[in-house]
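Please look at the sequence and the three-dimensional structure shown here. A visitor will put questions about them, and a guide will reply.

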Amino acid sequence: MDSSDTDTDLDLVRRTKLGERHTFDMLVVRHQRMLAQVISRYVKSPQQIEDVTQEAFIKAYRGIMSFRGESKFSTWLYRIGVNAALSFLAAERSRIPLYEPSINPNTNEPIIPQIVDNESPDRLLATQQIGETVSNVLEKLPEELRIAITLREIDGLSYEEIAKVMDCPVGTVRSRIFRARESISKVLRPKLEMFRDKRW
């Protein structure tokens, strides 16, 4: 029987740390499907999913010496995958212009989209600013808070499922999500009050 079928993740990690690079390739084969599924929750393009997955494995290999075995390797890798996906989304947002009009092929002039009654420019701006504020706060949260709130609010996992992923008690998960929500609310509340005071 192939040793890759019988070696545990911890065995392969230990051998990778000793310089047996091919054992990390075994870990890649073993976990690449799981990691791609995690990243696909944030990134939609198949090519981008593949790129971010590869980037996550590169980060895992470079940081393998920091893995102390206090949690499952799959949990550690899951965290790296989520962070890689969030970093990718943040980079994408910074490259996308706020508004790029389409060009009318007949007149070669920009096409100005019509705004429906319930989507005034002020409302659209408010929605955009609120979204950017939440994203900025998420990026600045400590890793354990960012992952917990992301798994809850974006992935829709239960507290029990998050506890398994993060390898911690359910009570700790609840505390982390509460602290993350408090951090977001603290920054978001003044903006919401400002927009509420405006007349639409």
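The conversation below moves from the whole chain to single residues.

Visitor: What kind of model is this, and how are its residues numbered?
Guide: This is a predicted model, in which local features need pLDDT of at least 70, side-chain atom pairs count only at pLDDT 80 or more, and totals for chains, interfaces and linings use all residues. Side-chain values use heavy atoms, with hydrogens and water left out, and residues are numbered from 1 along each chain as its sequence is written.

Visitor: How many helices and strands are in the chain?
Guide: Helices (H or I, at least four residues) and strands (E, at least two) are DSSP runs, numbered from the N terminus. Read along the sequence, the pattern is α-α-α-α-α-β-β-α-α-α-α. The chain thus holds nine helices and two strands.

Visitor: What percentage of the residues in the chain is buried?
Guide: A residue counts as buried under 20% relative accessible area, as exposed over 50%, and as partly exposed in between (1.4 Å probe, protein chains only). The chain has 200 residues, and the buried share of them is 36%.

Visitor: Among contacts between residues at least 6 apart in sequence, what percentage joins residues at least 24 apart?
Guide: A contact means heavy atoms within 4.5 Å. Among the contacts in the chain between residues at least 6 apart, the share that joins residues at least 24 apart is 56%.

Visitor: Which helix gives the most residues to the largest nonpolar core?
Guide: A nonpolar core is a set of buried Ala, Val, Leu, Ile, Met, Phe, Trp, Tyr and Cys residues joined through side-chain atoms within 4.5 Å. The largest one has 48 residues, of which Ile39, Val43, Phe73, Leu151 and Met166 touch the most other members. Several helices each supply at least two residues, including helix 6 (121–140) and helix 9 (170–197). With ten residues, the helix that gives the most is helix 5.

Visitor: Which residues are linked with Asp7 in a network of salt bridges?
Guide: A salt bridge is a side-chain nitrogen of Lys or Arg within 4 Å of a carboxyl oxygen of Asp or Glu. Asp7 and Arg15 form one at 2.6 Å, N to O, and Arg15 and Glu20 form another at 3.0 Å. Arg15 is buried at a relative accessible area of 16%, whereas Glu20, at 28%, is partly exposed. The residues linked with Asp7 in this network are Arg15 and Glu20.

Visitor: Which residue forms a salt bridge with Arg30?
Guide: The closest N and O atoms of this pair are 2.8 Å apart. The pair links helix 3 (residues 21–39), which holds Arg30, to helix 2 (residues 9–17), across 21 residues. Arg30 is partly exposed because its relative accessibility is 31%, while its partner is buried at 17%. That partner is Asp9.

Visitor: How many residues apart in sequence are the parts that Phe24 and Phe57 tie together?
Guide: Rings of Phe, Tyr and Trp (its six-membered ring) pair if their centres lie within 6.5 Å; planes under 30 degrees apart count as stacked, over 60 as edge-to-face and the rest as tilted. Among the five aromatic pairs in the whole structure, Phe24 and Phe57 are edge-to-face, at 6.5 Å centre to centre with 85° between the planes. Because Phe24 lies in helix 3 and Phe57 in helix 4 (residues 46–62), the pair ties together parts whose separation in sequence is 33 residues.

Visitor: Is the pair of Phe67 and Trp76 stacked, edge-to-face or tilted?
Guide: Phe67 is buried, with a relative accessible area of 3%, and Trp76 is buried at 13%. Their ring centres are 5.2 Å apart and their planes meet at 50°, so the pair counts as tilted.

Visitor: Where does Thr23 lie, and which residues is it in contact with beyond its neighbours within four places in sequence?
Guide: Thr23 lies in helix 3. Thr23 is buried, because its relative accessible area is 0%. Leaving aside neighbours within four places in sequence, the residues in contact with Thr23 are Leu12, Arg15 and Thr16.
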